Structures are given as C-alpha cells and as structure tokens.
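Colleague: I have a model open and would like to practise reading it. Could you take me through a few features?

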There are 4 protein chains.
Amino acid sequence: METLNIGLIGTGFMGKAHSIALKAAPAVFDLPAQPFCDLLAEVDDALAERKALELGFARATGDWRLLVKDPEVDVVDICAPNYLHKEMALAAIAAGKHVYAEKPLALTAADAGEMAEAAEKAGVKTLVGFNYIRNPATQLAREIVASGEIGELIHFRGRHNEDYLSDPAKPLDWHVQRATAGAGALGDVGSHILNMAEYLTGQRISEVFGQLQTLIPRRPLPDGSGGMGEVENDDQAQALLRFDGGLIGNIETSRVATGRKMGLAYTLTGTKGSIIFDQERLSELQLYKSEGLPGRRGFSTLLIGPAHPDYAAFSPAPGHGLGYNDQKIIEIRDLVVGIAGNKPLYPDFREAWRVNRLIEAIEHSHVVGSWIALH
Amino acid sequence: METLNIGLIGTGFMGKAHSIALKAAPAVFDLPAQPFCDLLAEVDDALAERKALELGFARATGDWRLLVKDPEVDVVDICAPNYLHKEMALAAIAAGKHVYAEKPLALTAADAGEMAEAAEKAGVKTLVGFNYIRNPATQLAREIVASGEIGELIHFRGRHNEDYLSDPAKPLDWHVQRATAGAGALGDVGSHILNMAEYLTGQRISEVFGQLQTLIPRRPLPDGSGGMGEVENDDQAQALLRFDGGLIGNIETSRVATGRKMGLAYTLTGTKGSIIFDQERLSELQLYKSEGLPGRRGFSTLLIGPAHPDYAAFSPAPGHGLGYNDQKIIEIRDLVVGIAGNKPLYPDFREAWRVNRLIEAIEHSHVVGSWIALH
Amino acid sequence: METLNIGLIGTGFMGKAHSIALKAAPAVFDLPAQPFCDLLAEVDDALAERKALELGFARATGDWRLLVKDPEVDVVDICAPNYLHKEMALAAIAAGKHVYAEKPLALTAADAGEMAEAAEKAGVKTLVGFNYIRNPATQLAREIVASGEIGELIHFRGRHNEDYLSDPAKPLDWHVQRATAGAGALGDVGSHILNMAEYLTGQRISEVFGQLQTLIPRRPLPDGSGGMGEVENDDQAQALLRFDGGLIGNIETSRVATGRKMGLAYTLTGTKGSIIFDQERLSELQLYKSEGLPGRRGFSTLLIGPAHPDYAAFSPAPGHGLGYNDQKIIEIRDLVVGIAGNKPLYPDFREAWRVNRLIEAIEHSHVVGSWIALH
Amino acid sequence: METLNIGLIGTGFMGKAHSIALKAAPAVFDLPAQPFCDLLAEVDDALAERKALELGFARATGDWRLLVKDPEVDVVDICAPNYLHKEMALAAIAAGKHVYAEKPLALTAADAGEMAEAAEKAGVKTLVGFNYIRNPATQLAREIVASGEIGELIHFRGRHNEDYLSDPAKPLDWHVQRATAGAGALGDVGSHILNMAEYLTGQRISEVFGQLQTLIPRRPLPDGSGGMGEVENDDQAQALLRFDGGLIGNIETSRVATGRKMGLAYTLTGTKGSIIFDQERLSELQLYKSEGLPGRRGFSTLLIGPAHPDYAAFSPAPGHGLGYNDQKIIEIRDLVVGIAGNKPLYPDFREAWRVNRLIEAIEHSHVVGSWIALH
C-alpha cells in the first residue's frame, strides 16, 4: 500500500489533534494509503525533537522551510499560527507538496485567493480543517436537507459562540490583533459557521448584512508591565444572510459569550420539517417532520449510530458517542482518500478563500450599513 | 371591597383565556378589588348569550357599541380581531372606560398612536396583553439582568417562531391580509419578542435592520371555490438590533417555522453570566454565572418556585409548574392592582404603540436596505 | 343548569388549589353542572371568614361538623390534614354527601377500607385527588399504552422524589409522625407513583418487595426549645414490583432527594416503543417507536396540544403549556361530570384504599425481607 | 523509552476499539512506555493477516496459543468471546504475561476467581475493560462524591439499558446462551453498572435483592432452518442494593429496553447535593448543590473540559466533547502507567471477580426471594 508522508508544522492544540488523528485513522478506516507521521517542525530543534517523540513523528526539524522542501514529505500539514499560513503554504506549493492547513486559511481574502490560485496552478491538492462539517451528525443533517426529506429549506440559523476571551483580565494575544489574526471572533470561530451554512444548505450566500462589535477595546499587555494594548478586531458579530437559492438566514459569532464553550449550533427550517443541532451535544440531531398523526409529531433526538455517515467505522453500536478528535480522524480519511485517489477535496483553498470573502463582506457591510453582495 | 366590572368583547382563544383568568385571579391573588365578569359582547345576541353562560358572564349583548357605553362596565376588555381594536378602543375611551386590549394593539403605528393619545387625554388606564412578560421565569430573567447579577448585558438574542401557517393548503384568513392583520408574523408573534427585548434588557431599541419574507404568496380562498388569494404580509422576518445602552442583538419571527409550537425564546448574554429561556419549557430558566471554581460552572436549570416572582400565589411548592393561563392570571392581577390603586400599567397603549413603531421600522428598513433609527 | 354546592374543609396548599380550580373550571370546560363555592370551614370562624373572602366562598364556618351536615352542601371537599380525613369523610358520608378528598386518603389501609365501604353502603360518590393522573401528558401516555401503540409493556419505572425535608434543621412536623401522617415519603408522594403505576399500565400490582429508610432520625422540636423529636416514618423508599399481567417494574420515592422539586417521573418500556415523562416538564412526553428507517428513530418530544386529551379546553394553540392548577381543573371537571351524570369516579375511595394497601405491603415486605402478595 | 508489546486476540467491536486506542494513546498522553501493536491473533491465519494490516499490527497468527506464549509479547489483550476468556487468560498467565481482558471477565464467579488467583500467584498484572469508569465525566462524579462536596451519599440509582436484542426476530446468538455468555443483560451490560456503583460510591455492595426476566424465551435458530432455540439467560433484571456504608440504591439492566442505545445512567443523591449522568450525553454532568440563594439553585450542566480529569490531554478547549474510543485511550494509559510503573491496576481480575459474584448473588436472590449478602 502507498504511504503518504506527512510533514507537520506546529504542535499546539491543532498540531496535537492532527497527530492523534493521523495515528488513529488507519485503525478506524480502511484507507487507500497509509498516512505516516514522518517529519515535524517546531520553532527550534530541541522543541521539535521533544514534540516528535511525544506525538510519534519519525523526524524533527527546527526549520519549517526545510520541512516544506523535504523530498520525503508528501503532504505539508500546517498547524502554525494563522499569520504564517500564507508563507508556509506558498512555499509548500512551490515545492509541489499537497497542503493540509488549519482554518481560517489566511488573514485576508486576497491572501487566501493568492494561495488558492497558486495551489491550483501547481496542481497540488489542498484541504482546510473545517472539521465540524465532518461530524456524522452534521453530515446527516446535510443528507437530510439534500434529499428533500424536510422539504425546501426556508430558514437557516447558525451561531458559533464561545467565551474564551470573556475575561477582560486575559492579556492581549494573537487573537485580538489584525496582523496575527485578521478578523476576530468572525474569523476564528465565525468562519466555521459561515462555511457550514453553505455546506448544510447546498446554497451559496449571495448577500450579507453584518454588524461587529469590540466589547473589550483594551487588554493588559502580556509582558506584565501593567500597560494596556488595543484590541483590533471584533469580539462579537452577527449578520443577516441571503442565499442564492432564495433562502434567508442569520448567524451570530462571539468569543465573549459567557458560558458558551463549544457553541456551534444551527437550526435548518424546511417546508416539511426542521433540524436542530448543537455541537455541545455533538452526537445527536433533533429532527422534526410534518408527517404522521399531528399528536405524534415532535422533534426526535437521533442518537448517531451505524445507520448514519461514517459512524460505523468507530463503533458498531449506536449511541456510543463520538468526540472532537474523531471529527479530525474523518478529516484525515478524506485527505488520504482524496490524495490517494486523485479526487477533489472539500473544503479546499478555493472554498476557504470564499469563507475569507464572506468575512470581509460582513466587515464591509458593517462599515457601510448596507447589504453587500458576494461577487 | 371595590368591584371592577369587566365588559368582554370577543370570545375566541383570547376571550376564553381572559375569562378563565378573571375567574381564577381572585382565588390566586389577594386583590385590592374584585373583577366581576359582568357583560359579554359577541357578534349577535344568541352567540353572546351562549358564550356568557359558558364563560360565566352575568349579562350578554350582540352589540359591542352597547357594551362600551354600558354604565355598569368599568373596564372594556377587547379580545376581538385586531382590525377592530381601534374603533372599539376609541369608543370605550370616549365613554370613559379603562381599556384592556389584546396585542398587537393596532394595524399601524399611526392607529396605535391615536389610541394611546386618546386614552391619555381621557385619563383612562390601558393595558395590552403581552402576557409572556408576566411569566415568572421571564420576570426572574429581568430581575437578574436589572440587578447586575450577570454583569453588563452584551448581547440579546430573541425569537418567536411558530408554525401555525406552515401548511400551504391552509386557506387565506385574517392573519395574512393587511386590512385585517397589518404585519404578518412580525405583528402577530414578533410583537411579543420586540416588547420583551425592551422589557428584559431595560434598554430601548434605537435602530433596526430588518428582512422580511413571504414564502407562501398565495393561499386557497376560504370559500372552497378552488380560487387562490394573495398573502399580503410576512411569513417570516428577522432583524439586527441596536439598543440605546450600547447593546446589540437580533430577533427572528415566523409563522411557518415547521415544528415550533410556542417558539418564543431568548438568550441574554452578560459580561458575568448568561440566561437562556424557552417558552416551550415555560417554568424553567437556564442561568450561567462566571463565579466559583471553573470546573463547577455550567448553565443551571432553575425550576421556578416560591423564591421567584409571583409563583407563591399559585403554589407553595417549587417546580410544580405554571401554565399559559397562569400568565393571564398575573396580567389580570396587574390590571386590577393598577386600576384600583391608580398606578401606571405596563405595557399600556403608549408602550404598545412603540411596538407598532418597531414593527414598521423593521418593515421600512427591509424596503430601503439600511438601518432605521427609532425616532 | 344544576348547581353543585361545594363545602371545602381546609385552606392550605390544597384548599387554595381546589378553590382556584373550582372558580376556573366552568370557564374552561362545558360542564353539566355548575360547581358553586358555597361553604368553607376552617379551624375558627374568623379564619374561615377571612379565607372565604380570599378564596371566594359564599359562606364560612369555624366548625367542619356543621359543614358536613349543612343541607345546602352537595359535595364535601376535604383538604384538611390527613389524620382528619377519616373522621370528616365518615361524617360527610353519614350525612349523605358526596366526598372529594385529598390523598393519601387515610393513615392506614384499615381506615381507608372503612371509609370506602361506608361510602359504597351510603351510595355516595367519592373522588381522591391524585391529580397528576389528570395531566394531559400522562393521560396521553395511558392512551398510547392502552392502544398497543408501543406493543406490550415489559417494564415500568417510576419515581416521585422531592427534597422538602432535605434540610435536617427543618423542625419536626406532621409529615414525620405516624399519628398524623401514616407512612412518610411513601405515603405523601409515593402514593402518587403507586396509583399512577396501575393507572398507566392498566395492570394491578400483584407483589411488592420494598425497602425503607429513615435518614434523619431526629429533628428539632418546633417549639424552639432546642429539644429533638423522633422521626417515625420513612424518608425514602424503593420497591420492586410484579404486576398481574406479567409486567415487572420498580419505584423510588423520597422527601430528601436533594435537588428534586417535583420529581415524579416514569419510563414505560414496551416491545415496540417506549415513553419517558418527567413532571418537572409536565407538558411534554418523550415517545420512541420502533418503526420507520433505523436512522430516523429517536425519542420524540411531543409538546402537549389540542391533539391530546383535555388540552383544547385550555388553549387552541399547541405547546403553550399547562400548569399544576390546570390538573386540578381537570379533576374538578371529572368530579362534576361524574356526580352530575351519576357515573363512576376514578380514583374513588376504593381505589385509594388500594394505594394504602400497596403502601402497607411495601412496609411489611421491608420488615420481613420477602415478596408480599397483594390480597 | 520502554516498549510494551501488545498481543491482541480477537478483532470484533472490542478488538478494533483497543487497536484504535493503542494507536492514539501515545499521541494523547505522555506515557512512561510505548505500547506497540505487535502480534494479532484471529481464528485463522488469513483473517489474522488481513486484520493485522487493517488495524496496524506488525505480526499475525491464526493460533492464539502461539500468541500467549510468544516471547516478544508483554501484554495479552483478550477481546475474544467471553466463553474463551478463561482458557486464554490462564494460558497467558501461565506464560507470565500481563493480561488485559474485556468484560465480563468470566462466565461464572468461580471461573473469575480461579483467574484472579492464578494471576496474583503468578505476579502478573491484570486489567478488565470496564471502560465507562474512565469517562472524565464519571471520574469527576467520583471525585465530587469522594470529596464530600455533595455531603454524605444517601441514594444510588443506576441503570444500563440497551435494546440490541429488542427484536424477537433476531436469531439466537452467543449472548443468550449460558455456555457462551453466562448471565444475560445482567452480565453483558449490567456488569458495567454494578462495577460503577462501587466505583462511584466508594462503598461495597453488601446485600442484593434481585429480579430477572426472560421476555423472549425462544429465538429463531441462526441456521435459517425456521427452528427455534431457547434463550437461557435474562433479558432484563433489576435489584435493590445495600452498601456497607449504609447507602441504599437500585439498579436496572436490559437488552430489550426499546429505544435505549447507550442507556448507562446514574443518579447520586447526597445530603448536600446530587449528581445526574447519562452516557448518551457522555461529556456532561448535572450537578446540584444546596448552597447559595434558594432562588439560584438548580442542576448545572457541567460541560467536561480541561478543569476535569484527563480531558486536557485530548483538548485544551472545554466542551469540545470526548467519544467512546477516548475512554479506551484513557484505559490504555492506565494499563501502560500501571505496568511500566509496577503500580496496581483497577479494575483488575480480583475486582472483576467481585462483579461476577454480584451478578450471581442477584441471580440467586431472584431464585430464593430474599436478600443475599455478599460474602
């Protein structure tokens, strides 16, 4: 069997999650190629070596530029901070590597576009880690919508709210500065729900009307000096949406939504049924259908099981529950299947570029106070 | 003890709910005056008499114009169709009666304004039946917000979605025509959440940006002819909101939200806590507070009980649950207390006028595609 | 229309609940007779007069013995403390009155039997206030079971747990003494779930195996002396059950179940479906049915509405929610319909006697450590 | 770093789950030794080789007797059918291997005892896969109980109900025959809740009173002949429990509980608080504490996160959710830590023996109709 050598850059939250998934995926799925944890890059050799040992990579380097050019590496897996994505991805593409990157892909739509076009020109495959769309519950929601089982969609409601910056005493960090993060909540978590809105509905967002707010305009400098630094992007945002199929909807996103830890949720209303989902209960979906006796209609709690997408590979027993990292295992499966089979990957850089454009349209709309059409 | 003679016009859903509440309220609360079900008006004498017997009124009339002028009647209680509110209320006011009317108060803001000003000029008291704000759970939410217990409010999310017109085969009725209903979902159910947004937050909505949609543009004529008639108002609507205290938020409303039966719900996010409420589980409130050990924080389900507003009058035992009509009993208590004690009533015609203005601002904003400030 | 004059004894939690329901019932239901709040008895004249005014009774007396013999009174409604039920009921029966009494009917099965036999001999009607079986959600559960919609029942699980005596500093009161309460949690709240077990399943409990426990054996005397008095009955109890139709099951009951306020709940498992109910969310029922595609099966939340028993009389709109007192309104309807139409009432004194026998069988089983058959 | 060579026998549901966990564990946790997927045994060489490739084992054999004696294997991991556990484990112990086995350990308590004693005599380590106790939510529940945070425990309620044999058309298989399964639901899933009862409470069950029932006494033979075979063990069971610390409780277990997929759930009632957990929502715990203002008390939904046991190794972000296989990853961590550090493992064969004894005591109690003390 073919082996896909993975070169991982970055070992934070996401780098570790990718490593776990790379290790587990071959035991979960029957893969057409074997992903191999080959080379790991960190900011210096010592850290890289320690992390390679911890996460189970064969080789280590303190220089990501070596990694992207390493002849053994088939796929460059970018889990470094967002502001580095562009440089790393372009270097990897230039070296002819497939690129698997975390979201949001870039700080600006222009950067994302440059990356997408470079990848397409080079003929390499790309995949961006919008992992929540891999959740079998969300795959199921999409299937139900696509099949017409709940009729024609008439409303989309989505949110991705968390509270990780709720505490105003939390010092200034990369999340809150333009140069390192681009947009704020809208980019960091809002990007998930924007991508998911199109994934679930099968429609493109054609116009947006947005509103952004920075609630904590200054935060303590991380140097402990007692000085304060400026927060440069949004703490919370919301938008009304028009889709190209006539659907309307709205989204909310926040990093200061006190009490919300994994607050990605959506309601899909159709003419013959509705779906409700909350990622804090990631292995269940609420489904309502306008059929049968009126006195027997209600939202049903479907516990995800082998009758639903991808679950059976994890367990033959229904309702046993998948976790966060299992979504990444499915993502790895899709990466490997796509590369090994030379098939399209979703969402690729072009799709992630679209998310960046949606973010910028919402920001722009906020400034000008009117609907902004997506070109 | 003083007696307040009630003259009820209309005996549909709301007329019956008022009757039940008028009968029960004196046994529930220690009232300063005794509401008496004195005179009932319906469209003809026969129906009026039958309904008076059913609902326990002493007298009956087939002519509401007699009722509003009847010297024995102290309070005119208008539960007739919305398009009749104005004429009835103005006649009652002209006769010097206090007026208790169902919502939405009027078909247009201009009408509502005329009614409010007439009442104020006449010095009569008015109350409009936005009964969901009487729910002890919602009263509790307001108390928590007002006390600062969850810090400063930073986001309001509200919806009032139902599905009573979800079936496209349902014939044309008064709900869907401008001349009888004014706005559609936005007026019928959206009015509740707009009123509640201000009630809960203690802030005034200062600007709105709205979007409306009619999904089922034509419905069968009710005459069974097979002909179709035009739906003239919105099936669903949504809006972004700015409040005068700096708060932002959004609302949704629908009469075609498949599966939602009593879908009034809100999330109040504060800097130190959050509240979640859903009227389909009307006797509980979810409360999160950023205090105590991180590992012990979560949304708590508060079952409404004697420690909360107004509940103890219904039961000394917590968690036993209140129902829809109990909200109306509390409303009757407020009506009687206000009139007997000559105190302000909330929400009065002026406040209901404001709701009509909010509805029209949202409609206007939809047309012009920009934020509309409330004057 | 006929009038049924009610003579109410006792004005605590239950006396007030009955009064509210007596006032509201005629506006809610189309009744064959008009219940009239005629005479109220309390421990002295002054209190009786004050309470008659508050609760809306026409006459008052400080002597219940006068009430039960009063020629105008048709139905004696006993809401006095449990230990007085027997004497009052026997006196009412002797005077030829119908009797409506709160649960548990008596302190012992022997007393309950004496009462049931006296009533039957006298030919008067009796009804006991097991009001939770009137909840439309629970009526619906029974209908579903009886219709075979979930197949044959194979398991019953019930509990009625509360925490009203959870605090050990709460002084000794009538609940905890044999002479005033009979059994403890088992009698006070457990009686509800025992009655409901038979109501829901349509089967008789044929054998029980019980276990009782007094966790707080002594409580402060209510005189504030600092002395302690003995708790004489159970704080919590549980039992395994065999039914005469072959079904097995178990129940739990407690008055010290920290955190539970209205913890009556049941699960009915059938060969083709299951039902879950929790009285803390009294207007919804969870229903699972083994039909349709495996991937679309789940517990459905049925919001109670006009398609279900008795709801439509309260509201034409589904999901609007009923409350505790609404259950009593339905009970009053059943009382009036039964008496006016000379039809059997359920549960009558004989049925309540059965509950007392079940309680004693569980107590006996606890002592002897073996299954006890119900004779 | 030391390597622990694993020899896996059996590649069904559990064999695959172990493989996934063995692969992922080193990337999740910082382990003192490296588990290596060395040798895999299946019923014949071809299957073994195919499965070794699929699950990522280095070597394969069609003869488990070779595996247990293989000098390279450090730990024998038994995921074969239950009736083979004893022979395999004794052979592994005889060869001086550590043994990691799935539950229930043995078909009878006598067998389990023989296995436990053999292991102890041989000085090898043993671990049995009661994986649900590894769930961080359940670890947290135990911590809360042990710390006294909810006072003294006064009641334990547990169930493990599923519906995998709900369909009477499902043919006879190993689950339903004594010679292959031992007890029925009580052994297969009830074993989990019995083990967990002691784990959570920190008390030993001292007496049981049980009731068992076989609802589907005959099932179609699997040969398709149309003949029927006898079901020899329980479809559902329930028991009352006494613990040695004075606590009482009850358990239920079923394999025919229509609608329940992963119905392991418990309620821990303490004098100062309570805990509710349901494995169908495995990453949250409901916690009630009798503290603070009465009007602010309720069950809090704690979303499991880095503040709770073991979660941080999977994700730094709270509420992101763990899945079934993550519990096995924690189990592998415990296995490796125990063996590498020569520390006690829990639950070992002696502890699993105890579970078999509890099962037999419940069965015995059912037959004799009285409490059975655990010796």
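Modeller: We will look at a sheet, a strand, a loop residue and a recorded domain.

Modeller: This is a predicted model, where local features need pLDDT of at least 70, side-chain atom pairs count only at pLDDT 80 or more, and totals for chains, interfaces and linings use all residues. Residues are numbered from 1 along each chain as its sequence is written, chains are lettered from A and ligands numbered from 1 in the order in which they are written, and side-chain values use heavy atoms, with hydrogens and water left out.

Colleague: In what order do the six strands of the open sheet in chain B come?

Modeller: Strands are DSSP runs of E of at least two residues, and helices are runs of H or I of at least four, numbered from the N terminus. Two strands pair if DSSP finds at least two bridges between them. In chain B the order is β3-β2-β1-β4-β5-β6, with parallel pairing. The edge strands β3 (59–61) and β6 (126–128) of chain B each pair on one side only.

Colleague: Which strands does helix α1 of chain B lie across?

Modeller: Helix α1 (residues 13–28) of chain B lies across β1, β2, β4 and β5 of chain B, at about 150 degrees to β2(B). Such angles run from 0 to 180 degrees between N-to-C directions, with axes fitted to C-alpha atoms, for helices over the stretch in contact; contact means heavy atoms within 4.5 Å.

Colleague: How do I read the two faces of a strand?

Modeller: In a regular strand the side chains alternate between the two faces of the sheet. For β4 (residues 75–78) of chain D, Val75(D) and Asp77(D) lie on one side, Val76(D) and Ile78(D) on the other, and all are buried. Buried means under 20% relative accessible area, exposed over 50%, and partly exposed in between, using a 1.4 Å probe and protein chains only. Across the pairings, Leu8(D) stands opposite Asp77(D), and Val75(D) has His98(D) in β5(D) as its bridge partner.

Colleague: Why does Glu42(D) count as buried or exposed?

Modeller: Glu42(D) counts as buried because its relative accessibility is 16%. Glu42(D) sits in the loop between β2 and α2 of chain D. The side chains of Glu42(D) and Thr11(D) share a polar contact of 2.6 Å, that is, a pair of N or O atoms within 3.5 Å; within protein, one must be able to donate a hydrogen and the other to accept it, and residues adjacent in sequence count only if both atoms are side-chain atoms.

Colleague: And the recorded domain?

Modeller: An unreviewed UniProt entry places "domain: GFO/IDH/MocA-like oxidoreductase" at residues 139–275 of chain A. That stretch is 20% helix and 36% strand.

How values were computed: UniProt positions renumbered as here; feature names shortened; annotations may be inferred.
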